[in-house]
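Subject: Handing over the model, with notes on the sheet and its helices

Dear colleague,

I am passing on the structure below, together with an account of what was found in it. Please keep it open beside the text as you read.

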Amino acid sequence: METMDEKVVFITGATGMSRAAALVLARRGARIAVLSRTEEEVAETIRQVEEAGSEGLVLQGDIAREADVEAAYARIDDRFGRLDGVFANAGINGTWAPVEAIALEDWEQTLSVNLTGTFLTVKHAVPRLKARGGAIVITASVNGTRMFSNSGASAYAASKAAQLAFAQMVALELAPQRIRVNVVCPGMIDTEIEDNTNREDLDRIRYPRTVPEGTVPLTRGEAGRPEDVANVVAFLLSDAAALVTGTPVWVDGAQSLFMG
């Protein structure tokens with residue numbers, strides 16, 4: 001197992017894949033800073049990080065607000081004095097609806113959190129990562145990158161496709177500074193993201209499909225675990241992935257190949 005002793009990793013989001021990644025990385029020796037809008041969720045994640053024998057930092061804020069992101073990095077500077085990795089995982093599903101029914105404010109909210117939030121997270125990490133090199137992992141999705149059959153998810157899919165393009169652009173830009181940028185594209189994973197999904201009037205645009213054994217061939221329809229993604233994230237943030245950059249990794253049990 002690749003160790004990450006003394007390295008500092010910043011994670012956005014505090015539950016699901018964020019929490020799973022925090023714990024996997026903590027067990028490998030990394031020190032963890034977690035940012036989310038809900039302080040109680042961050043505190044619980046950091047409690048588990050410390051139980052795992054590592055050091056953690058609770059940060060509260062909104063990734064779509066630049067002042068909050070800047071403040072989070074300033075606290076990481078004060079506490080740890082370094083930054084080695086970033087897992088930009090925070091995001092929302094937003095509103096899924098026929099395109100003519102999506103309100104502009106719903107479209108803008110999805111793009112603001114998923115795309116602008118990712119941009120701000122990466123933008124303010126770069127000056128710190130340049131000190132000794134490092135790695136960034138961005139969470140996109142099967143939606144918008146290899147799968148287009150989730151009717152009504154146009155805002156969400158657009159944000160995820162844009163995250164991948166952004167990551168590949170900056171991967172090349174930052175390579176001379178020894179900063180790697182990769183993307184995980186999860187499929188059906190058992191997380192809380194459904195809690196912030198608003199589905200409206202989808203029956204009239206959904207294509208019928210009969211799938212007797214589920215949509216995830218590798219698991220015969222069972223959802224993946226947050227740890228399945230976390231283990232990939234830990235690899236991409238570690239020195240074991242030293243030559244991997246600009247690469248999307250679909251963590252979906254062949255779901256996107258089947259449903260694309």
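In which sense do strand β6 and strand β7 pair, and over how many bridges? Before the answer, a word of care: this is a predicted model, and everything that follows should be read with that in mind. Strand β6, residues 134–139, and strand β7, residues 179–186, pair in the parallel sense, and six bridges hold the pairing. Within that pairing, I136 stands opposite V181 of β7.

The sheet

These two strands belong to an open sheet of seven strands, whose order is β3-β2-β1-β4-β6-β7-β9 and whose pairing is parallel. The edges are formed by β3 and by β9 (248–251), each of which pairs on one side only, and from one strand to the next the twist averages 15°.

Towards the β3 edge, strand β2 (residues 31–36) runs parallel to strand β3 (residues 56–60), and five bridges join the two; in this pairing A33 has L57 of β3 as its bridge partner. Taken together with the helix α2, these strands make a β-α-β unit, β2, α2 and β3, which is right-handed.

Helix α3, residues 66–80, also lies across the sheet, over β1 (8–12), β2, β3 and β4 (85–88), and it runs at about 160° to β3.

Helix against helix

Three helix pairs deserve a closer look, and I take them in turn.

For α4 (residues 104–129) and α5 (residues 154–174), the axes come within 8 Å and cross at roughly 15°, and because of that angle α4 counts as roughly parallel to α5. The crossing of α4 and α5 is right-handed. On the α4 side the contact involves W107, T110, L111, N114, L115, T118, F119, V122 and V126, while α5 contributes S154, A155, Y156, A158, S159, K160, A162, Q163, F166 and L174. Sorted by class, the residues of this contact of α4 with α5 are 12 nonpolar, six polar and one charged.

For α1 (residues 16–27) and α2 (residues 39–51), the axes come within 9 Å and cross at roughly 25°, so α1 is roughly parallel to α2. Here too the handedness can be stated, since α1 passes α2 in a right-handed crossing. The residues that make the contact are R19, A22, L23 and A26 from α1, and E41, E44, T45, Q48 and V49 from α2. The contact of α1 with α2 has four nonpolar, two polar and three charged residues.

Helix α1 has a further partner in α6, against which it packs at an angle of about 55°, with the two axes 8 Å apart; that angle is why α1 is described as oblique to α6. The crossing of α1 and α6 is right-handed. From α1 the contact draws on G16, M17, A20, A21, V24 and L25, and from α6 on P226, E227, V229, A230, N231, A234 and L237. In this contact of α1 with α6, the residues divide into 10 nonpolar, two polar and one charged.

A loop residue

One residue outside the helices and strands may also be of interest to you, namely T215, which sits in the loop between β8 (197–199) and α6 (226–237). Although 41 residues separate T215 from S256 in sequence, their C-alpha atoms are 8.7 Å apart in space. Leaving aside residues up to four places away in sequence, T215 touches M188, G221, Q255, F258 and M259.

With best regards

Note on methods
Residues are numbered from 1 along each chain as its sequence is written. This is a predicted model: local features need pLDDT of at least 70, side-chain atom pairs count only at pLDDT 80 or more; totals for chains, interfaces and linings use all residues. Side-chain values use heavy atoms; hydrogens and water are left out. Axes are lines fitted to C-alpha atoms, for helices over the stretch in contact, and angles run from 0 to 180 degrees between N-to-C directions. Helices (H or I, at least four residues) and strands (E, at least two) are DSSP runs, numbered from the N terminus. Angles under 35 degrees count as roughly parallel, over 145 as roughly antiparallel, 65 to 115 as roughly perpendicular and the rest as oblique. A crossing is left-handed if the near helix is turned anticlockwise from the far one by less than a right angle, and right-handed if clockwise. Contact means heavy atoms within 4.5 Å. Ala, Val, Leu, Ile, Met, Phe, Trp, Tyr, Cys and Pro count as nonpolar, Asp, Glu, Lys and Arg as charged, and the others, Gly among them, as polar. Two strands pair if DSSP finds at least two bridges between them. A crossover is right-handed if, with the strands pointing away from the viewer, the path from the first strand over the helix to the second runs clockwise.
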